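Colleague: Could we take a close look at a single part of this model? Please walk me through the ligand site and what surrounds it.

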Amino acid sequence: MIHLSLIGIGTGNPEHVTLAAVRALNQAELLLLPRKGEAKSDLIDLRRLLCRDLLEASSRTRVVEFDLPCRDARADYLGAVDDWHDAIAEVWVDLMATHLPEGGRVGMLIWGDPSLYDSSLRIAERLGGERFREGGLQVELKVEIVPGITSLQALTAAHRIPLNALAEPVLITTGRRLRERGWPSDAESVAVMLDSGGAFQALPQEGLTIWWGAYLGMDKQCLIDGPLVDVAATILERRAALRERHGWIMDVYLLRRV
Ligand SMILES: C[S@@+](CC[C@H](N)C(=O)[O-])C[C@H]1O[C@@H](n2cnc3c(N)ncnc32)[C@H](O)[C@@H]1O
């Protein structure tokens with residue numbers, strides 16, 4: 001039996017890690033840290049730092065790093081993601097079999113919160129599925145979720161704004177979807193994640209306010225806000241310059257009809 005803890009760690013500020021996360025880190029016998037390639041080395045660095053600072057001397061937690069398989073860049077996006085999740089699940093199973101052959105407690109440090117645009121839960125579900133049963137790799141699994149502070153919370157806190165307008169809903173979507181489908185017809189507020197850059201350009205610019213944030217919670221945090229028509233070009237320029245300087249970027253924004 002494997003007890004898998006998906007531990008939300010916030011999005012870059014070590015002070016956002018909860019007491020429940022610290023408890024879960026220390027209870028794990030094995031922590032698996034994904035390496036996502038050189039450009040995003042800051043992300044593994046933060047995970048390493050949390051392990052170094054938060055694991056108590058008495059804890060018997062072993063920390064093991066692994067290379068995350070790469071997603072195929074083919075046009076069939078959902079098919080490529082499906083195959084990618086299978087590949088990650090296989091790596092997880094191998095690591096668990098190697099480091100915890102008798103079963104035990106495994107923890108994964110999940111960026112932000114595991115419920116928001118994160119596939120760890122979907123990958124974990126595969127471990128008990130048909131494909132692994134056939135390969136003799138099936139894992140009996142109990143999953144625990146430790147909630148973390150999301151990038152959206154880091155964004156609204158940094159800008160000191162509420163997420164929703166008074167009594168109004170908020171729609172959370174991706175840059176890809178915003179480009180493909182435009183402004184969701186009945187939404188007042190739209191939060192956009194996973195944007196490869198400037199999906200808001202696909203929208204009519206008038207009548208929208210944007211609150212944009214990159215590297216939220218980190219020393220290099222950058223914030224811009226204002227009427228979209230006034231600040232869109234500045235955001236695009238700043239985003240390109242920051243990406244050039246740091247080698248990677250993560251940004252998120254809230255758009256509101258105001
Ligand atoms: C794969 S999703 C993970 C979201 C995460 N689970 C959460 O709770 O925020 C990655 C996206 O989250 C947003 N994001 C995560 N961390 C961020 C940060 N520190 N600053 C700005 N955006 C961030 C970006 O939109 C990025 O493309």
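Modeller: Here is the ligand site, followed by the two domains beside it. Keep in mind that this is a predicted model.

Start with the shell. It holds 17 residues around the ligand. Trp111, Leu116, Ser151, Leu216 and Asp251 come nearest. By class, the shell has 10 nonpolar residues, 5 polar ones and 2 charged ones.

Now the polar atoms. Serine 151 has a side-chain N or O atom 2.6 Å from an oxygen atom of the ligand. Tryptophan 111 places a polar side-chain atom 2.8 Å from a ligand nitrogen atom. Leucine 194 takes part through its backbone: an N or O atom there lies 3.0 Å from an oxygen atom of the ligand. Each of these three pairs falls within the 3.5 Å cut-off for a polar contact. As for cover, the ligand on its own has 570 Å² of accessible area, and the protein covers 91% of that.

Where does the ligand lie with respect to domain 1 and domain 2? It lies between them, because both domain 1 (2–146) and domain 2 (151–257) give residues to its shell. Those bounds come from the domain assignment of the chain.

Next, the domains themselves. Their centres, taken over C-alpha atoms, are separated by 28 Å. Domain 1 brings 11 residues to the contact, and domain 2 brings 17 residues. Together the two domains bury about 1,200 Å² between them. Carbon and sulfur atoms give 66% of that area.

On the domain 1 side, three residues stand out. Thr11, Leu116 and Tyr117 supply 43% of the area that domain 1 buries against domain 2. No other three residues supply more. Leu116 is also listed among the residues that come nearest to the ligand. By class, the side of domain 1 that touches domain 2 has 6 nonpolar, 3 polar and 2 charged residues.

What about polar links across this interface? The rule finds 0 salt bridges between domain 1 and domain 2. The count of residue pairs in polar contact between the two domains is also 0, with both residues required to be at pLDDT 80 or more.

To pull it together: the ligand sits between domain 1 and domain 2, since both give residues to its shell. Its polar neighbours include the side chains of tryptophan 111 and serine 151, along with the backbone of leucine 194.

How values were computed:
Residues are numbered from 1 along each chain as its sequence is written. This is a predicted model: local features need pLDDT of at least 70, side-chain atom pairs count only at pLDDT 80 or more; totals for chains, interfaces and linings use all residues. Side-chain values use heavy atoms; hydrogens and water are left out. A residue is near a molecule or strand if one of its heavy atoms lies within 4 Å of it. A polar contact is a pair of N or O atoms within 3.5 Å; within protein, one must be able to donate a hydrogen and the other to accept it, and residues adjacent in sequence count only if both atoms are side-chain atoms. Accessible areas come from the Shrake-Rupley method with a 1.4 Å probe; for residues, only the protein chains shown count as cover. Ala, Val, Leu, Ile, Met, Phe, Trp, Tyr, Cys and Pro count as nonpolar, Asp, Glu, Lys and Arg as charged, and the others, Gly among them, as polar. Domain bounds come from an automatic or database domain assignment. Contact means heavy atoms within 4.5 Å. Buried area is the accessible area (1.4 Å probe) that two parts lose on being put together, summed over both. A salt bridge is a side-chain nitrogen of Lys or Arg within 4 Å of a carboxyl oxygen of Asp or Glu.
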